[in-house]
Each structure stands twice: as structure tokens, then as C-alpha cells.
Amino acid sequence: MSNDTFSFEIIESSKQYSNARLGLLRTPHGVIETPAFIFCATKANIKGVTIDHVKNEGTQIILSNTYHLMLQPTGKVIREAGGLHAFTGWDGPMLTDSGGFQIFSLGHGSVSSEIKSSRGSCSPDKKLSLLKIDDDGAVFRSYIDGSVIKMTPEISMQMQIDLGADMIVSFDECTPYHVSKEYTALSMRKSKEWGLRSLRYLNERGDGSQRLLAVIQGGVYEDLRLESVDFANENGFFGFAVGGSLGQTTFEMREIVSMVMEMLDRRKNVHLLGIGGIDDIFHGIRNGVDTFDCVSPTRIARHGTALVKYDDLKNGKRNINLNNGIFRGDHSPISPNCPCYTCQKFTRAYIHHLLKAKECLGGTLITIHNIHTMNRLMTEIRGGIKNDDLNRVCKEWGSE
RNA sequence: GGAAGGGUAGCCGAGUGGUCAAAGGCAGCAGACUGUAAAUCUGCCGACAUUGAGUCUACGUAAGUUCGAAUCUUACCCCUUCCA
């Protein structure tokens, strides 16, 4: 693999915000213009839509999850299929997550109630299935058949090699918020160790067609974040992924993101794990984040909410819940200015009907629209950086 | 004509003397969702009242029994099934 097959090149820096930048992320499966949004295809599909829709609405890169795919259909099946690209039909750039987040979400309960602000909406009686975590790795009970599954950096790396995504992520422990600083420190140091083991394994067993991102841990503590960043800066990772507990409130999350972004080697690409609110994206980009991933655009779509550019909606909101009764007889598209497949062919009334009738096409059509809208947001943000006009773009999308 | 079983909030359906404005489900109304065990979860859901306290109207209709009735009695109306 020649050196320029894989690279991250900063092609323009914002004058309005010194850290915001335009980049080109080159991978064997194509070039990603950054800032970019990465859609979650956790179980090797973006829920509810075909890969053609994903592509046609302007998606540059998608993400799948090691933990889910190792349970089902297993790495063996995907390796035999020729890797995730062949398996899914997606021929563009791809990232896989390591499974480290599952140590958190399967071990400590709901995501949203813990890492981010708000209360959890997960059903409370879910049984936690993390059995053990030590220096070697983590042991889970499979949520599919109850069998006992071991995850180590080496297992995660081998799985990610089998999956064959362009960018892969170090195995880490996503530290919850409600633990002591001592635990957070130990956990972060464990993730450092696991990062080294991940790197070593990939260098020894990989074929050179993949690059590794270091995960930045350290919770809400500046000194721990700095220690984690120093480690990542010094150890030859291709890029970075900011993860772990980002505090309890959105405000806290942004403070941590700003803090970490100041510490990282600015020559490398930075991914912000799991964050995808429009305000949070603008905040991240001003601070130099290059890529984001989040389940929110596709999840809320399945639940009936369509994202709409603030200036297009003209009612002071940035999304509409198509479950709401006011759309029963609304024969206009979701957004008047949207060229997506859904808005070209279908009306709010029709989609409202599909949702009410529990026809899964409703969620599908909104997912298509939301994918387009997120990609359009990122396109306009890149335009804003290029033209030193990011604040105008921000306003148009109803962000502060 | 005879026999039996029923009629409960928008719908279905539990409840058989007080703890009943009445379980549960559906429908309706709204909200949440941030490295996906999520096409899921939460709240409201007779009327009036800004919420609460509260007031009123309600379990086919009418009249009773009772301190108290969706629940017991009588009559009537309607529905379903079975027998002729």
C-alpha cells in the first residue's frame, strides 16, 4: 500500500475559527471530504434503508460495530464474504468501532442517561451483560444467545481485520460517568495498554490496508485527558477518536471536547465518537473535529422525526415529528427545498399515514431524508469554512 | 313462542355492594432519543378547573333496596346464541 493511499491533508483552515478546517481523508476506498458525518451501520446496515439510498443521498462513509458483528453473523462469515465491503455492497470508505463502547453500554446500562445529559429512555429492566473486565479484556454474555464472549484488543483487532474497514478503532473501555476519578484513571491507563496492543496486533497481522485510530479517554478530568492525549500523540496512530464520558450535560461535553482538541496533534484527523446533534456538530467543528458519528439521525427518523434546515421550516424549529396529528392532511413534502428521494416523491400526509399505520416504509422514507439532510449540513459547513462564512451557515441551520 | 347469555368511557374488554372516574389493550394527544441489546421508551387520555385540592356527569333506560350501587331487586328497551 503506497503512502498516499492513506493520508489526511488539511486543505484549508478557517479564518473565523482557527481550529476549524477543511480536509481530505484518503483511504483505499475513496476520499472523504471533511468535516464529514459518518452514519452508523452497526450491524452492517443502516437500519431501514438500502445501501443505494445511503449512497445516493450523498454519504461518504459509514461505520459498523465489531461487537455486534462478531456475535452475528461472526467474523468468519464476513471474511469468507470478502469483508464488509463485499458483504454489504458499500464500496466507499468505512470505519469499524472496536466494541469498547459495549463494555460501557452493556455493562452500565443506558447510554443517554449516563454519558450525555437527559434521562435514559431504555427499558430499566434490561439485564446487564458485562460479566468481567480486567487488564486482559472484557467478558460479556452475548445478547443473542447468552453465550459467554471474550473481547481483548487482539480479538477486536482480528475481528476488525476480518471486517476490512479502512479505519479501525483501538479497543478501549468507554468509562462511565458515575465512577471515581481513580477508576477513570485506571480505566484510561488500561485503554492505553489496550491501544498499544491494538497497534502492535494490526502492524503484525494486518495487510497494510487499514489504519488505526487511538481513543482518547480520561473522563471529565483534564490531567487524565492530557495523559491519554499524550499517549495517542506519541504512538504512531493514524488519527484520533475522542470518546469516553463527556460529562453529564451538553455544556460539560463541549468543554471537554474543546479541552481535548487543544491538546491533540493538529496534523491528524480527529473523530468525535457518538456525537451528532446539530449544535454539537457546529461546536465540534469550530474546535477542529473532522468527523462525527451518531445514531441519532437514523434513530429519530425511525421514530418519526425528520430533520429540517432551520431556514427551510420557517417556524422556529429544526425538525418535525411526523407522528403529530397536524400532518394528517399536509400534502407538502417534508422540506420544500430538499432534493432528496423522499421529498421529491412523498408528502408529509403520506408519511404520517405510514407511521400511524405502522408501515415500516414511513421510517425508511424519513431515514432517507435525514441522511440527505445530515450530508447537506456537512456540505454547507464545508462551504462555510471555505468561504469564511461558517457563522452564516450556523444561523441558517438554527444553531447559536 | 320458549331457553340462555349479554348491554361498562371513541372502540375492544376487566370489574360483581364501599379502597371505582372504573384494570388492561387499541385508537387519540404530546414528549424523549447523541461510539444502536432502540422502527423504541415515557407521559396524558369523561367534563370543568392553569396544576393540585375540588366540583359535576357517568357503567342500556326507569324505578327501587342500602349509610353507600357499575355491582342487589323490579319493569322496560336492545343485542347474541340455542330450541320450536
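Is Cys174 buried or exposed? In this predicted model, Cys174 has 5% relative accessibility, and because anything under 20% counts as buried, Cys174 is buried. Cys338 gets the same kind of answer: its relative accessibility is 4%, so Cys338 is buried as well. If you were hoping for a disulfide, though, a search of the whole structure finds zero of them. Cys338 has the sulfur of Cys340 as its nearest cysteine sulfur, 3.6 Å away, and Cys338 is in no disulfide. The cut-off for a disulfide is a sulfur pair within 2.5 Å, which means that the 3.6 Å between Cys338 and Cys340 doesn't make it.

Now let's move to helix α7, which spans 181-205 and turns up in several parts of this story. Take Thr184, which sits in α7. Thr184 has a relative accessible area of 2%, so it falls under the 20% limit and is buried. What does the side chain of Thr184 reach? It gets to the backbone oxygen of Ser180, at 2.9 Å. Setting aside neighbours within four places in sequence, Thr184 also touches Thr175, Val179, Gly218, Gly219, Tyr221 and Leu224.

Helix α7 also helps to cover another helix, α5. That one runs over residues 100-108, and seven of its nine residues are buried. The buried set is made up of Gly100, Gln102, Ile103, Phe104, Ser105, Leu106 and Gly107. Besides α7, their cover includes the strands β5 (61-65), β7 (130-133) and β8 (138-141), along with helix α2 (66-71).

Next, the empty space. The structure holds one cavity of 30 Å³ or more, and the largest cavity has about 60 Å³ of space. Its lining is made of 13 residues, and the ones nearest the centre are Ser191, Lys192, Gly195, Val215 and Phe231. Which element gives the most to this lining? That's α7, with four residues, while β11 (211-216) and α8 (222-234) each supply at least two. Sorted by class, the lining has six nonpolar, five polar and two charged residues.

Helix α7 shows up again at the second largest pocket, which has about 150 Å³ of space. Here α7 provides the largest share of the lining, three residues, and β11 supplies at least two. Among the lining residues are Leu199, Leu202, Asn203, Arg211, Leu212, Phe237 and Phe238. By class, this lining comes to five nonpolar, five polar and one charged.

Finally, have a look at some backbone details in the loops. The peptide bond from Thr34 to Pro35 is cis, with omega near 0 degrees, and Pro35 lies in the loop between β3 (30-34) and β4 (36-40). Another cis bond joins Gln72 and Pro73, with omega about 15 degrees; Pro73 is in the loop between α2 and α3 (75-81).

Further along the chain, Lys358 isn't a glycine but has a positive phi, near 55 degrees. Lys358 belongs to the loop between α14 (348-356) and α15 (361-386), and because its relative accessibility of 76% is over 50%, Lys358 counts as exposed. Asp388 also has a positive phi without being a glycine, at about 50 degrees. You'll find Asp388 in the loop between α15 and α16 (390-396). Its relative accessible area is 24%, which lies between the 20% and 50% limits, so Asp388 is partly exposed.

Note on methods: Residues numbered from 1 in each chain as written. Chains lettered and ligands numbered in written order. Predicted model: local features only at pLDDT ≥ 70, side-chain atom pairs only at ≥ 80, totals over all residues. Heavy atoms only, no water. 1 Å grid on protein atoms, 1.4 Å probe; cavity = no way out; pocket = protein on both sides within 12 Å on 5 of 7 lines; lining within 4 Å. Points joined across faces, edges and corners; volume = space filled by probe spheres on them. Nonpolar A, V, L, I, M, F, W, Y, C, P; charged D, E, K, R; others polar. Buried < 20%, exposed > 50% of the residue type's maximum accessible area, 1.4 Å probe, protein only. Contact = heavy atoms within 4.5 Å. Polar contact = N/O pair within 3.5 Å; in protein donor to acceptor, adjacent residues only side chain to side chain.
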